[in-house]
Amino acid sequence: MRGRLILIEGLDRSGKSTQAEILANRLNGQLFKFPDRSTPIGEIINKFLTDPTFELSDESVHLLFSANRWEKAAQLNKLLSEGTHVIMDRYVYSGIAYSLAKDKSRDVEWLYGPDVGLPKPDLTFFLTVSMEELGTRKGWGEERYEKEQFQLKVKECFLKVLRVDTDPTIEIVDVNGLSIDETTLKLWSIIEARGL
Ligand code: 2DT
Ligand code: MG
């Protein structure tokens with residue numbers, strides 16, 4: 001049987017990396033994190049995120065993030081076809097939401113374009129947390145995009161881009177006030193209810 005592809009999306013500090021790791025262990029699966037900063041394109045992305053003097057056009061950055069996913073696509077497909085479950089920490093929706101947040105007039109179809117053909121998640125969680133609670137979670141880091149005002153825009157864009165009404169593979173999960181364990185329980189119950 002083909003492995004399941006489960007994606008966790010959310011803002012910085014929403015707990016998605018923690019949950020992705022826990023779910024990967026529970027499902028005895030592989031964890032993929034995007035951006036993957038270890039690849040050739042990932043190194044450029046890392047420089048862009050950490051060096052404020054390193055400028056790239058919005059379009060180039062968008063295409064690089066997508067190319068970074070394509071660097072891993074063959075490996076991803078192989079694992080899935082061998083029956084290994086894969087949990088992902090960010091993917092296509094982050095790509096679209098962050099680019100759209102930089103320029104709301106951007107054509108969403110253009111943003112989707114470079115990712116067309118990548119393996120599609122069987123289930124996508126979007127973890128929502130109020131901005132208030134996000135603020136209490138250790139504060140923002142120093143990387144590009146880690147500013148409250150921008151995160152607010154990203155949140156709006158995620159909710160616009162995740163077509164929850166028409167796409168049954170998407171689950172928006174409110175994790176406000178939940179502990180790590182309570183969040184895992186909530187995600188796990190959804191996975192079970194869907195028979196994944
Ligand atoms: P992490 O904080 O998760 O390392 O991400 N991003 C991510 C994009 O702008 N486009 C993408 O396609 C992806 C996957 C989100 C680093 C930053 O990169 C952003 C935050
Ligand atoms: Mg981050």
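Which residues surround ligand 1? Ligand 1 is enclosed by D12, F34, P35, L49, F65, R90, S94, G95, Y98 and Y145, each counted as near if its C-beta atom, placed from the backbone, lies within 6 Å of the molecule. The model is predicted: local features need pLDDT of at least 70, side-chain atom pairs count only at pLDDT 80 or more, and totals for chains, interfaces and linings use all residues. Residues are numbered from 1 along each chain as its sequence is written, while chains are lettered from A and ligands numbered from 1 in the order in which they are written.

On the predictor's per-residue confidence scale, pLDDT, which runs from 0 to 100, the protein chain has a mean of 96, and 100% of its residues reach 70 or more. For the complex, the predictor gives an ipTM of 0.98 and a pTM of 0.96.

The shell around ligand 1 consists of six nonpolar, two polar and two charged residues. Here Ala, Val, Leu, Ile, Met, Phe, Trp, Tyr, Cys and Pro count as nonpolar, Asp, Glu, Lys and Arg as charged, and the others, Gly among them, as polar. Helix 4 (residues 92–102) supplies the largest share of this shell, three residues; helices (H or I, at least four residues) and strands (E, at least two) are DSSP runs, numbered from the N terminus.

Strand 1 (residues 5–10) is mostly covered, with six of its six residues buried, that is, with 20 or more other C-beta atoms, placed from the backbone, within 10 Å of their own. L5, L7 and E9 point one way from this strand, and I6, I8 and G10 the other way. Strand 1 pairs with strand 3 (residues 86–89) in the parallel sense over four bridges, pairing requiring at least two bridges found by DSSP. M88 in strand 3 is the bridge partner of L7. Strand 1 also runs parallel to strand 4 (residues 123–128), joined by five bridges, and E9 stands opposite F126 there.

M88 returns in the largest nonpolar core, where, of 34 residues, M88 and A97 touch the most other members; such a core is a set of buried Ala, Val, Leu, Ile, Met, Phe, Trp, Tyr and Cys residues joined through C-beta atoms within 7 Å. Helix 4 gives the most to this core, with seven residues.

A further position is G15, in the loop between strand 1 and helix 1. G15 is buried because 21 other C-beta atoms lie within 10 Å.

Definitions and conventions
Buried ≥ 20, exposed ≤ 12 C-beta atoms within 10 Å, placed from the backbone.
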